[in-house]
Amino acid sequence: MPRPQDLAPNYDQVIESVLRDVSAPMSVLKLAQKIVAVRPSTSKDPIKAAEKKIKEAIGRQLVFIDSDTITPLRLAWQGVRFRVDLSREEVSKGFFDVANMFSHYLPEGFNLANFHLMDANGEMIKFKINTIKKNIKGIFGTSEQTFYYCHIPDWLHACKFAQKDYLLFTILDRENGMLKMEHEPSKQINTALLESRNQLLANIFYEMLESSSSERLYLSQALPTAYARLPQKDGYPPYHWVIIMSSDERMAVTGFGDITYRDGKKSMLDSLVEEFDGTKRKSLKKSVSKEQKEQVYRFKAELKHRPKIWRMIEIQGKDMLKDFNRILVDVFDHDFDHLGGFWKLVPRAPHGGAKRGVTRYREVDLGSVDPFGGGEAADVTIAELELGVGSKMKYVFDFGDWIEHVLTLEAIEASQPDAKYPREAKRNTPKYTNCVECLKKGRETTAVYICLTCTKNPDEERLLCEECVENHESKDHYVEKILY
Ligand SMILES: [Zn+2]
Ligand SMILES: [Zn+2]
């Protein structure tokens with residue numbers, strides 16, 4: 001016997017049934033009201049509960065056109081247009097690889113032999129599907145994969161398809177794999193319009209990435225959302241999304257098939273996949289002019305958790321992060337034998353629910369520098385980091401103790417003829433404290449160490465001078481140098 005709660009439809013089913021009759025974008029509130037009407041809720045705020053479920057359905061049942069408006073997934077995809085060119089071999093033999101051609105344009109798990117093509121007049125285009133099984137080496141070993149090739153030699157021949165022409169696709173019915181296929185001869189291509197359409201779509205993706213809470217976009221959500229937001233979706237077709245993404249300098253597709261920043265953090269799997277298929281992302285290496293090499297970059301370096309302790313450092317464009325590391329270790333009096341790590345902090349657009357006036361940064365890992373001047377970041381020059389006045393970096397010394405510094409670029413100036421760089425230009429006025437042992441004896445001596453074992457609370461710091469540390473009652477106490 002089914003229990004009553006088993007018979008009540010779940011949220012997915014309710015959203016599905018409500019969206020089935022929706023033929024245009026609608027407000028989130030209205031959808032929530034419809035959901036509550038079908039499925040009364042016991043929650044304190046049923047509308048809010050329904051809105052939460054609506055957010056969970058992004059990419060599966062619906063997408064957000066803006067923060068207040070949704071459209072069913074079916075409508076987001078309907079009418080989406082994209083273009084591809086064919087390789088020389090594909091044109092001469094008259095075929096294309098179905099999985100590549102319709103990557104994400106058909107639903108996940110769709111049988112690639114079961115799509116339909118229609119021409120501009122609404123006539124079905126006849127084609128043959130060839131399947132070939134190949135053993136493909138992947139990062140988890142070799143596996144057998146089936147490739148689907150769609151053969152359309154007669155159709156290509158009939159429309160006199162030439163090498164520089166385009167195939168234009170329009171999604172008519174994604175669930176049932178129905179697409180329109182058209183031919184655009186090269187002399188009809190509107191290059192300027194195409195360029196602007198490609199850029200428009202790329203910018204929509206980038207805006208989504210910038211305002212996302214993480215630094216990744218899931219394709220299943222991002223693609224239909226971007227197309228739903230594209231003005232004149234039925235207008236001049238931009239490139240296939242894969243081409244859009246691979247030709248954009250700002251974004252990359254990860255090993256998981258998600259969209260991320262091209263210079264962003266890579267997961268272990270991303271690196272493995274890249275290593276495997278040789279799709280290394282572009283490196284940061286930029287060309288730098290002679291003037292930029294001579295310029296002096298003035299950084300204020302402060303301890304993140306004690307910003308009153310700061311040093312002003314001047315370093316030239318041609319200097320490298322190993323030089324920067326060396327002077328930072330020096331001016332902050334750090335131990336010598338630990339790694340230092342640098343990150344570039346790049347401001348991001350604010351996230352939807354974020355506080356105003358608080359800048360979000362993403363951290364571009366530049367790598368580390370070891371005490372002997374090695375490490376992946378060692379030879380990166382200051383100039384090629386493309387910093388401007390106000391730019392920020394993060395510097396961490398000793399990944400065990402994690403001493404974090406904030407580096408802010410305060411000025412870029414001409415170098416002075418007699419100066420030697422890098423150099424310390426200025427530092428905070430030190431507020432010296434006295435040795436507590438000497439104070440007891442009525443002497444005022446500057447404390448150089450703090451005994452962390454004896455210091456039980458911040459108001460009673462056990463601060464000691466050089467001499468008193470020598471005579472400190474217990475030699476095995478943990479003392480640390482005080483930074484002024
Ligand atoms: Zn002690
Ligand atoms: Zn003392």
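Which residue stands opposite Ile70 in E3? Keep that in mind as you read these notes on the model, which is a predicted one.

1. Let's begin with the overall layout. The chain is divided into domain 1 (4-73), domain 2 (81-188), domain 3 (191-277), domain 4 (290-427) and domain 5 (436-481). If you compare the C-alpha centres of domain 2 and domain 4, you will find 50 Å between them.

2. Now look at the sheet. Three strands make up an open sheet in the order E1-E3-E2, and their pairing is antiparallel. Strand E1 (26-27) and E2 are at the edges, where each has a single partner strand, so one side of each lacks a neighbour in the sheet. As helpful background, strands of a sheet pair through backbone hydrogen bonds, either parallel or antiparallel.

3. Here is the answer to the opening question: Met26 is the residue opposite Ile70 in E3. E1 and E3 run antiparallel and are joined by two bridges.

4. Next, try turning to helix H2, which covers residues 11-20. Its buried residues are Ile15, Val18 and Leu19. Viewed down the axis of H2, these buried residues fall within an arc of 95°, so they line one face of the helix. On the other side of H2 you will find Gln13 and Arg20, which are exposed.

5. What do the buried residues of H2 pack against? Their partners are two helices, H3 (28-38) and H4 (46-56), together with two strands, E2 (62-66) and E3 (69-72). You have already met both of these strands in the E1-E3-E2 sheet, so it is worth finding them again in the picture as you look at H2.

Definitions and conventions. Residues numbered from 1 in each chain as written. Chains lettered and ligands numbered in written order. Predicted model: local features only at pLDDT ≥ 70, side-chain atom pairs only at ≥ 80, totals over all residues. Buried ≥ 20, exposed ≤ 12 C-beta atoms within 10 Å, placed from the backbone. Helix = DSSP H or I, 4+ residues; strand = E, 2+ residues; numbered from the N terminus. Arc of directions from axis to C-beta. Contact = placed C-beta atoms within 7 Å. Domains from an automatic or database assignment. Pairing = 2+ DSSP bridges.
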